[in-house]
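Reader: I want to know what stands behind the labels. Can you take me through them one by one?

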Amino acid sequence: MSDFSRRTFLAGTATAAAVASGTTSYAGASDGSPSGARRTRTSIYRQNIGEIELLSITDGATSFPRRQDFVTNRSPEDVAQALQQAFFPTDPITLTFTPVVLKSSGKLIVIDTGLGEAAFKQSNGIGGQFHSNLAVAGYDAGSVDRVLITHFHADHIGGLVTADGKPAFPKSEIWVPAAEYAFWMNSGNMAPDASEAMVANFERARRIFGILGDSVKKFAPEMEVAPGVTSIATHGHTPGHTSFIVTSGSDKVIIQGDVTTHPALFIRHPDWHGFTDVDPVMAEQSRRMLYDRIVAERILVHGFHFPFPSLGHLTREDDGYRLMPIMWNPAP
Ligand SMILES: [Zn+2]
């Protein structure tokens, strides 16, 4: 049994013991998360990529009620129809969040960090679960060696700091896309008519990276950013948005970040533009470029907002693509 699976097994045993003893609370419930009666316990999924172990760990979800502009270049009716065709609710539109943990060459690597501790408290545990679920997986944030970031939206960088404004991964190196850092850390890049959300994004990035200071490392596309992990430029959703390809032997997985947020919308319709896309035309180009490669090479893909455990394959369909989720395997 690998180190990862043993720890996961032990954590699962502890949870099972709590259930067997009749307690309904779940690890973390004492700090405000929903009680065990309401909360789904399965929050960790393990997948081998050759010699590398990958964990999908849920951070929770956020819902967008009455969001009329989720897709900015199609009508709300078109969006509702696409959601209905894929059997998703049309209102609210919900996005789930799933950061990745890799164990590669003895290093513990986190890719994206969820909304963070402050959001966990604000949302009563609906979002910001990553840190407590990382502990359930058997890992302390202090044992993380390197954190890689795809882009600077709140659900990806919020977990870099604690609720009281300290580094949440105290011994870890933090690696971010250089183009992303350059954009968000310079308020001169903010358009004069920037939306409230956009202004908040700039402020959040400056606050978080102000806490983390000068030790943050900036990387370029096509760089090996961790053992077996190489960056791929997929700019557009944000100016420096970056995906990663993880390779071990003949096994590969592409961590696509937010190349697509909701699969029923932007995988099926790659020409649709999301309301959080900074440059939607570039985002579409990046999406098609990456997905044509994933289809041609039959590469496994992880999407931060795909249905848990957020892993699947893509096929081509009509003018777009289709996500074929993996089958849950308790003993991969
Ligand atoms: Zn996101």
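Author: What follows is a short exchange on salt bridges, exposure and a metal site. Keep in mind that this is a predicted model.

Reader: How many salt bridges does the structure hold?

Author: It holds 13 salt bridges.

Reader: What makes Lys-166 and Asp-164 a salt bridge?

Author: The closest N and O atoms of Lys-166 and Asp-164 are 3.4 Å apart. The cut-off is a Lys or Arg side-chain nitrogen within 4 Å of a carboxyl oxygen of Asp or Glu. The pair therefore qualifies.

Reader: Why is Asp-164 called exposed?

Author: Asp-164 has 54% relative accessibility. Exposed means over 50%, so the label fits.

Reader: And why does Lys-166 count as partly exposed?

Author: Its relative accessibility is 46%. Buried is under 20% and exposed is over 50%, with partly exposed in between. Lys-166 therefore counts as partly exposed.

Reader: What is the distance for Arg-268 and Asp-318?

Author: Their closest N and O atoms are 3.3 Å apart, in a salt bridge. Arg-268 lies in the loop between α8 and α9, and Asp-318 in the loop between β15 and β16, so the pair ties together parts 50 residues apart in sequence. Asp-318 counts as exposed, at 69% relative accessibility.

Reader: How do you know that Arg-288 and Asp-319 meet in a salt bridge?

Author: The N to O distance is 4.0 Å. The cut-off is within 4 Å, so the pair is accepted. Arg-288 lies in helix α9 and Asp-319 in the loop between β15 and β16, so this pair ties together parts 31 residues apart in sequence. Arg-288 is partly exposed at 23%, while Asp-319 is exposed at 54%.

Reader: Which residues do salt bridges with shared partners join into one network?

Author: Arg-268, Glu-317, Asp-318 and Arg-322.

Reader: Now the metal. Which residues are the protein donors of the zinc ion?

Author: Asp-155 and Asp-258 donate through OD, and His-156 and His-305 through NE2. These donors lie 2.1 to 2.2 Å from the zinc ion. Along the chain they follow the spacing D-H-x101-D-x46-H.

Reader: Are Asp-155 and His-156 buried or exposed?

Author: Both are buried.

Reader: Why is the arrangement around the zinc ion called irregular?

Author: The four donor atoms subtend angles of 90 to 170°. Tetrahedral needs all angles between 85 and 135 degrees. The upper end, 170°, falls outside that range, so tetrahedral is ruled out. The arrangement is classed as irregular.

Notes: Residues numbered from 1 in each chain as written. Predicted model: local features only at pLDDT ≥ 70, side-chain atom pairs only at ≥ 80, totals over all residues. Heavy atoms only, no water. Buried < 20%, exposed > 50% of the residue type's maximum accessible area, 1.4 Å probe, protein only. Helix = DSSP H or I, 4+ residues; strand = E, 2+ residues; numbered from the N terminus. Donors = N, O, S within 2.8 Å, 3.2 Å for Na, K, Ca; no water. Tetrahedral: all angles 85-135°; square planar, octahedral: opposite > 155°, others 65-115°.
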